[in-house]
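Please open the model in a viewer and keep the selection panel at hand. The tour below proceeds stop by stop, stating at each what to select and what is found there.

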Amino acid sequence: MAIMDKAVDDAAGGMRNNTSPVPNIFPPPESMRPTLVGEHYSVVAGHPLVAMIAADVLERGGTAIDAGVAAGLASNVIQADMCNLGGVAPILVRQAGSDQVWSISGVGTWSESVTLEAYLERHKGDMPLGAPCSIVPAAVDAWLSALSRFGTWSFTDVAAPAIRYAREGFVLDRRTALAYELMGATFRNWESSRAIYWPQGRAPREGDRLKQTDLALLLERLAAAEQSGNREQALEAVRKAFYEGEVAERIVAWVNGNGGWMTLQDLAGFRNEVAPAKSYDYRGWRMFTGGAYSQAPVILQTLSVLAGFDAAVLAGREDEYLHLLTEAMKLAFSDREKFYCDPNFATTTIEELLSDEHVQRLRALVNPAKALPDLPTLALPAPSSLRQNKRRDTTNFTIVDAKGNAFSCSASDTIDGNPIVPGLGIMVSPRGVQSRLDAAHPAALGPGRRPRLTPSPALALSLGGAERRVMALSSSGGDVIPQGILQTFLNIVDRDMSPQQAVEAPRITCLAFPDSFFPHFHDVGRLSVEARIRENTRAKLAALGHRIHPWPDYEFDASGVAVSLDLTPPSSDGRVLGSGADLRRSHYAISR
């Protein structure tokens, strides 16, 4: 009470003396948006409508997994500029009370009928837009796999919001309208896409309504296939309605009729891999990611290098911290280029890359006084045992509920990557652009092989204690995805930031490796640095040999990160969940 009385006296004195009338009780805000905190759930999604749909499922008794599938399907409608029902959807799932995290790969395969030799012969070393880069659509099976293995709701129920927004439409906000304008530079050349997304013969504007009737009909068709009775059989019937029969026939006819490769057997036989996630322990947390079919293990490898340094101390010395982080990421991305590919065709495992022997070898390459060259691991022995493509974006979301169920996803395939298949309202995943047309590359194109995917969701569980705390992280932005997740995670663990502080903090982006998208442009030595990082720090990084590329504050291409974090203190009798939503994108958080 004495403190408040003094504040009132000070305020009165300030007014009497014609000085500041406001007592300086509170410090400035720690972040531009507040960290939302709740007891029942945390939802962070790439669009406000998607976040509200997930929250509504949770309010009606659904789990984080049910809400995640509903959010994913809704994203395929509401964020059709960033992801597609015919695209990719890698997912990580944790069930309440479990120490196990599951990875659903969410990426399709090249047709069994294509070979690299045949591809090179037909397209003469190019990878044209359209059907030639098409692979089996994976998102539908990913949503169904998550729902069948880990969820509780029916497909009909989780798909209802997506169907409503596809059929009735929704009003475009300014940023989404701008996305359709910019991406229209490509898709306006495709009649099937232009008719849906530029229906008035021009780029959409803020306030225009977007309807996707064919997509609504397809979702309704899938929901109608769901049978009553045995839940597993009912969801399998939904899967067959997409991957067999008329829908599959239309997909195959479109791909083959436009210069690509696909068979009915490719679709009917497709199943996403559902497997235990890969993991690495770092400073009281076990971080989980998908496997080497994606670039996600870059997160684990970077942490393995950092674990040998006192990063928490370095965090107080910005130039040293950012140099160390850059070098650790550079080493991990170099290994990505050397080893990562569909694990069914790999010669090196992630476990080998995380072995003490290999990690020590990588750490020994870090020089605190000099930046490494690009791709520094290519000459090392393996562990024992020109245009720049713009098809590189993604949406993402994270959900944690009161019981500790968690869902993290980075759904993708942008509307400028492939034309809409007439009558279906979807594209066929163009994710083949992430395969290499080089037989010597581990991620080379081949029959039945998955491209090496950029979307890379992550989950972390705390180590020790009776109850595991959970942290779900996801990001968007091509090769920047694991970098956004890493910096947010480290901001929380090593720099003691709140979830919202962690996603807002200024970022760097290392691009010392070939781009994942054809034609794999390599901007040698580039380190992009947001303007809020001090000029003195940038100068010191440049002196170490980093080629500094300045970015403005809150750069869109620095990725958009979502984080849902269990903040429960030891004394709490219930779960406390915090949310961080990146303002670089249209991310939106809801916690209750």
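**The two cysteines.** Begin with cysteine 83, which counts as buried at 0% relative accessibility. The model is a predicted one, and the distances quoted on this tour are to be read accordingly. Next, add cysteine 409, whose relative accessible area is likewise given as 0%, so this residue is buried. The sulfur of cysteine 83 has its closest cysteine sulfur in cysteine 409, at 8.2 Å, which is too far for a bond. Cysteine 409 accordingly takes part in no disulfide, its nearest cysteine sulfur being that of cysteine 83. A disulfide requires the two sulfur atoms to lie within 2.5 Å, and by this rule the count comes to 0 disulfides.

**The nonpolar cores.** Select Leu73, Trp143, Phe155, Tyr197 and Phe407: these have the most contacts inside the largest nonpolar core, which has 92 residues. Which helix gives the most to this core? It is helix H3, residues 64-78, with 10 residues. Now centre the view on tyrosine 197 and display its surroundings. Leaving aside residues up to four places away in sequence, tyrosine 197 touches Ala80, Tyr180, Phe187, Pro204, Leu210, Gln212, Ile415 and Ile420. Another core, of 58 residues, lies apart from the one just visited; Leu325, Ile350, Ile481 and Val529 are among its members.

**Helices H10 and H11.** Select residues 231-243 for helix H10 and residues 245-257 for helix H11; their axes come within 4 Å and cross at roughly 35°. At the contact, Ala241, Phe242 and Tyr243 of H10 meet Val247, Ala248 and Ile251 of H11. The residues of this contact comprise 6 nonpolar, no polar and no charged. From isoleucine 251, draw a C-alpha to C-alpha distance to proline 34: the separation is 45 Å in space and 217 residues in sequence. Proline 34 sits in the loop between helix H1 (2-16) and strand E1 (36-38). With a relative accessible area of 56%, proline 34 is exposed.

**Strand E12 and its partners.** Select residues 458-462, strand E12. Is this strand enclosed or open to the outside? Of its 5 residues, 5 are buried, so E12 is largely enclosed by the rest of the structure. Side chains in a regular strand alternate between the two faces of the sheet. In E12, Ala458, Ala460 and Ser462 point one way, while Leu459 and Leu461 point the other way. Add strand E9, residues 285-289, which pairs with E12 in the antiparallel sense over 5 bridges; here phenylalanine 288 stands opposite leucine 459. Then add strand E13, residues 470-476, which runs antiparallel to E12 and is joined to it by 4 bridges. Alanine 460 of E12 stands opposite methionine 471 of E13.

**Serine 304.** Move to helix H13, residues 297-306, in which serine 304 lies. Serine 304 is buried, with a relative accessible area of 0%. Not counting residues up to four places away in sequence, its contacts are Tyr280, Leu354, Val359 and Arg363.

**The sheet E14-E15-E16.** Select the open sheet of 3 strands, whose order is E14-E15-E16 and whose pairing is mixed. Strands E14 (508-510) and E16 (547-551) stand at the edges with a single partner strand each, so one side of each is left without a neighbour in the sheet. From one strand to the next, the twist averages 25°. Strand E15, residues 526-530, runs parallel to E16 and is joined to it by 5 bridges. Within this pair, leucine 527 stands opposite isoleucine 548.

**Backbone exceptions.** Most residues other than glycine have a negative phi, and most peptide bonds are trans. Three places in the loops should be inspected with this in mind.

- Select phenylalanine 518 and proline 519: the peptide bond from the former to the latter is cis, with omega near 10°. Proline 519 lies in the loop between E14 and E15.
- Select tyrosine 554, a non-glycine residue with a positive phi of about 55°. Tyrosine 554 is placed in the loop between E16 and strand E17 (560-566), and at 23% relative accessibility counts as partly exposed.
- Select serine 559, also found in the loop between E16 and E17. Serine 559 has a positive phi of about 85° although it is not a glycine, and at 0% relative accessibility counts as buried.

Note on methods. Residues are numbered from 1 along each chain as its sequence is written. This is a predicted model: local features need pLDDT of at least 70, side-chain atom pairs count only at pLDDT 80 or more; totals for chains, interfaces and linings use all residues. Side-chain values use heavy atoms; hydrogens and water are left out. Helices (H or I, at least four residues) and strands (E, at least two) are DSSP runs, numbered from the N terminus. Buried means under 20% relative accessible area, exposed over 50%, partly exposed in between (1.4 Å probe, protein chains only). Contact means heavy atoms within 4.5 Å. Two strands pair if DSSP finds at least two bridges between them. Axes are lines fitted to C-alpha atoms, for helices over the stretch in contact, and angles run from 0 to 180 degrees between N-to-C directions. Ala, Val, Leu, Ile, Met, Phe, Trp, Tyr, Cys and Pro count as nonpolar, Asp, Glu, Lys and Arg as charged, and the others, Gly among them, as polar. A nonpolar core is a set of buried Ala, Val, Leu, Ile, Met, Phe, Trp, Tyr and Cys residues joined through side-chain atoms within 4.5 Å.
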